[in-house]
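Please look through the structure below with the sequence beside it, and keep in mind that the model is predicted. The paragraphs after it take the fold, the core, the surface and the charged pairs in turn.

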Amino acid sequence: LKTGTSTKHIQKLKVGDRIAATMTNGTFTFPQDDRTPMVMTGLGTGIAPIRSFVQDRLYKKTVLKKEVGPMVVFYGCRHEREEFFYKEEWELYKKEGVLTQLINAFSHDKPHYPPKVMFV
């Protein structure tokens, strides 16, 4: 399991230790019209914000009984087996008619890896 610098630092902390931290408000905004088509890309940057948009549309469709527009998600990561999170959940969103299409890009799985080298 790979971890980053922050994760390694946090793992060394003891219960009760204090750290300096800041938070900022997110920059994502929802369209005013829920029928607005959405195309979102999470290409190795984290899927959680995109997942929240899909969850919001599911809530609006199933609980609030609102009409929602089409939604396409491009989900990129290195390995399907290790990093393709919420697989069953994505299928549910498609089944419920909230997620129109999920397009995966696994950069380190065959046939895309190892990359072909071409000199022009």
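What follows begins with the overall arrangement and then turns to individual residues.

In this predicted model, the protein chain contains 4 helices and 3 strands, and these elements succeed one another along the sequence in the pattern α-β-α-β-α-α-β. Of its 120 residues, 24% count as buried, while the chain as a whole exposes about 9,800 Å², of which carbon and sulfur atoms supply 56%. When contacts between residues at least 6 apart in sequence are considered, 67% of them join residues at least 24 apart.

The interior offers a natural place to start. The largest nonpolar core has 18 residues, and those with the most contacts inside it are Met40, Val54, Val73, Tyr75, Trp90, Leu99 and Leu102. Two or more residues of this core come from each of strand 1, helix 2 (48–62), strand 2 (71–77), helix 4 (87–95) and strand 3 (101–106). Trp90 can serve as a viewpoint here: leaving aside its neighbours within four places in sequence, Trp90 is in contact with Ile47, Arg51, Val54, Tyr75, Phe84, Phe85, Leu99 and Leu102.

Among these partners of Trp90 is Arg51, which also leads to the charged pairs. Side chains of opposite charge can pair when their charged atoms come close. Arg51 forms a salt bridge with Glu89, with 2.8 Å between the closest N and O atoms, and this pair links distant parts of the chain, since Arg51 lies in helix 2 and Glu89 in helix 4, 38 residues apart. Both Arg51 and Glu89 are buried.

The surface shows another side of the nonpolar residues. Val39, Leu43 and Phe74 form a nonpolar patch there, with about 290 Å² of accessible area together. Leu43, which lies in strand 1, counts as exposed because its relative accessible area is 53%, and the threshold is over 50%.

The remaining charged pairs can be followed from Asp34, which sits in the loop between helix 1 (5–12) and strand 1 (38–43). Is Asp34 buried or exposed? Its relative accessible area is 12%, and Asp34 is therefore buried, the limit being under 20%. Leaving aside its neighbours within four places in sequence, Asp34 is in contact with Arg57, Lys60, Lys66, Glu67, Val68 and Gly69.

Two of these lysines can be taken separately. The side chains of Asp34 and Lys66 meet in a salt bridge at 3.4 Å, N to O, and the pair links distant parts of the chain, with Asp34 in the loop between helix 1 and strand 1, Lys66 in the loop between helix 2 and strand 2, and their positions 32 residues apart. Lys66 is partly exposed, with a relative accessible area of 41%, whereas Asp34 counts as buried. With Lys60, the side chain of Asp34 makes a polar contact of 2.9 Å.

Lys60 in turn forms a salt bridge with Asp56, the closest N and O atoms being 2.9 Å apart. Because Asp56 and Lys60 are 4 residues apart in helix 2, about one helical turn separates them. Asp56 is partly exposed at a relative accessible area of 21%, while Lys60 is buried at 14%. Salt bridges that share partners join Asp34, Asp56, Lys60 and Lys66 into one network, and the count of salt bridges comes to 6.

Technical notes: Residues are numbered from 1 along each chain as its sequence is written. This is a predicted model: local features need pLDDT of at least 70, side-chain atom pairs count only at pLDDT 80 or more; totals for chains, interfaces and linings use all residues. Side-chain values use heavy atoms; hydrogens and water are left out. Buried means under 20% relative accessible area, exposed over 50%, partly exposed in between (1.4 Å probe, protein chains only). A polar contact is a pair of N or O atoms within 3.5 Å; within protein, one must be able to donate a hydrogen and the other to accept it, and residues adjacent in sequence count only if both atoms are side-chain atoms. Contact means heavy atoms within 4.5 Å. Accessible areas come from the Shrake-Rupley method with a 1.4 Å probe; for residues, only the protein chains shown count as cover. Patches are made of residues with over 30% relative accessible area and no salt bridge: like charges are joined within 9 Å, nonpolar side chains (Val, Leu, Ile, Met, Phe, Trp, Tyr) within 5 Å. A salt bridge is a side-chain nitrogen of Lys or Arg within 4 Å of a carboxyl oxygen of Asp or Glu. A nonpolar core is a set of buried Ala, Val, Leu, Ile, Met, Phe, Trp, Tyr and Cys residues joined through side-chain atoms within 4.5 Å.
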